[in-house]
Amino acid sequence: MLRWGVGLVVVALAGWFVAVPIWLNHQQRVWSPLDTPLRVLSGQTETGDFSVAPNTPYEIFVYVKRSAPFGDCLLGGGGATSDSACSRHHSVIDISWSLRNEQGQYVAGGVSAGTCCDYEGSERPGGERIGTKLGGFVVPRKMKATLLLRYRRNASALRGFSPQVAIEVDSQVTEMAGVLLGLIYALLAAIGAFGLAILAVLWIRNMRREAS
């Protein structure tokens with residue numbers, strides 16, 4: 001019984017403080033394989049290599065600081081800014097994008113015209129950025145890839161607002177993972193509590209033996 005109690009506590013602690021953090025660190029690289037400054041002064045830009053997982057729905061975003069003046073307008077949507085203000089600060093998001101594999105071959109692509117309907121109002125945890133979605137893709141196998149962006153409109157107005165380009169898994173995937181993670185933590189807590197209960201019972205029995 002003592003071994004069972006100690007073993008269950010050790011399993012719970014190892015899972016909580018070792019296994020789950022390692023898994024989360026790995027998943028973070030899968031969930032957000034690219035998040036890098038976006039160069040907007042030339043007609044096109046290409047990112048460095050990044051890894052994408054197979055059969056995983058990814059989305060491409062352009063982010064700017066939430067504090068950027070008329071940032072929502074520049075990204076293609078009204079958001080919290082009045083329509084009249086956005087009529088004076090037009091969207092600069094008119095981007096053709098293509099995903100290339102290790103051999104430089106085309107894998108996926110699309111065009112975001114920067115209209116109001118492309119604006120997703122997405123933001124990173126902490127609410128420091130707002131963004132617009134350029135498109136999405138799924139690849140059939142794990143691969144190293146690069147993202148090529150061609151500006152069909154002058155996007156230099158974004159340069160003072162720390163523009164970033166990011167690839168992230170679909171939010172539904174991370175929400176499901178969050179639910180799963182909660183269940184895993186609950187299971188580990190139950191295992192640890194059961195182990196502690198066994199140890200407590202053994203300790204009480206031992207104290208009674210000594211008292212008698």
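These legends walk through several close-up views of one predicted model.

**Figure 1. The whole chain, with its 4 helices and 9 strands.** Let us start with an overview. Following the protein chain from the N terminus, the elements come in the order α-β-β-β-β-α-α-β-β-β-β-β-α. The chain has 212 residues, and 40% of them are buried. Its accessible surface adds up to about 12100 Å², with 59% of that belonging to carbon and sulfur atoms. Take the contacts between residues at least 6 apart in sequence: 76% of these join residues at least 24 apart.

**Figure 2. Strand β4 and its two pairings, with β7 and with β9.** Here the view moves in on residues 58-65, which form β4. How many bridges link β4 to β7? The two strands pair in the antiparallel sense over 8 bridges. Two positions help to find this pairing by eye: E59 stands opposite G136, and F61 stands opposite K133. β4 also pairs with β9, again in the antiparallel sense, over 6 bridges. In that pairing, Y63 has Q164 of β9 as its bridge partner. Both β4 and β7 are mostly covered: 7 of the 8 residues in β4 are buried, as are 7 of the 9 residues in β7, which spans residues 129-137.

**Figure 3. A salt bridge between E59 and K133.** Staying with β4 and β7, this view turns to side chains. Side chains of opposite charge can pair when their charged atoms come close. In the pair shown, the closest N and O atoms of E59 and K133 are 3.0 Å apart. E59 belongs to strand β4 and K133 to strand β7, so the salt bridge ties together parts that are 74 residues apart in sequence. Are these two residues buried or exposed? E59 is buried, because its relative accessible area is 14%, while K133 is partly exposed at 24%.

**Figure 4. Two further salt bridges, D94 with R152 and R141 with E102.** A search of the whole structure finds 4 salt bridges, and this view includes two of them. D94 and R152 meet through their side chains at 3.1 Å, N to O. D94 sits in the loop between α3 and β5 and R152 in the loop between β8 and β9, so this pair ties together parts 58 residues apart in sequence. The partners differ in cover: D94 is buried, with a relative accessible area of 11%, whereas R152 is exposed at 53%. The side chains of R141 and E102 meet at 3.4 Å, N to O. This pair links R141, in the loop between β7 and β8, to E102, in the loop between β5 and β6, 39 residues away. Both are partly exposed, R141 at 37% and E102 at 41%. Salt bridges with shared partners also join D94, R152 and R153 into one network.

**Figure 5. The largest nonpolar core, with F137 inside it.** This core holds 37 residues, and those with the most contacts inside it are W97, L99, F137 and L147. Which elements supply at least two residues each? They are α1, β3, β4, β5, β7, β8 and β9. β8 gives the largest share, with 5 residues. For a closer look, follow F137: leaving aside residues up to four places away in sequence, F137 touches V52, T56, P57, Y58, I60, W97, L99, A108 and I167.

**Figure 6. A nonpolar patch on the surface.** From the core, we move outward. L13, W16, F17, V18 and I22 make a nonpolar surface patch of about 510 Å². One of these residues, W16, lies in helix α1, which covers residues 2-31. W16 counts as partly exposed, because its relative accessibility is 34%.

**Figure 7. Two loop residues with positive phi, N55 and S162.** Most residues other than glycine have a negative phi. N55 is not a glycine, yet its phi is positive, at about 55 degrees. Where is N55? Look in the loop between β3 and β4. N55 is exposed, with a relative accessible area of 62%. S162, also a residue other than glycine, has a positive phi near 50 degrees. The loop between β8 and β9 holds S162, which is partly exposed at 36% relative accessible area.

Notes:
Residues numbered from 1 in each chain as written. Predicted model: local features only at pLDDT ≥ 70, side-chain atom pairs only at ≥ 80, totals over all residues. Heavy atoms only, no water. Buried < 20%, exposed > 50% of the residue type's maximum accessible area, 1.4 Å probe, protein only. Pairing = 2+ DSSP bridges. Patch = residues over 30% accessible without salt bridge, like charges linked within 9 Å, V, L, I, M, F, W, Y side chains within 5 Å. Areas by Shrake-Rupley, 256 points an atom, 1.4 Å probe, with all protein chains shown as cover. Core = buried A, V, L, I, M, F, W, Y, C linked by side-chain atoms within 4.5 Å. Contact = heavy atoms within 4.5 Å.
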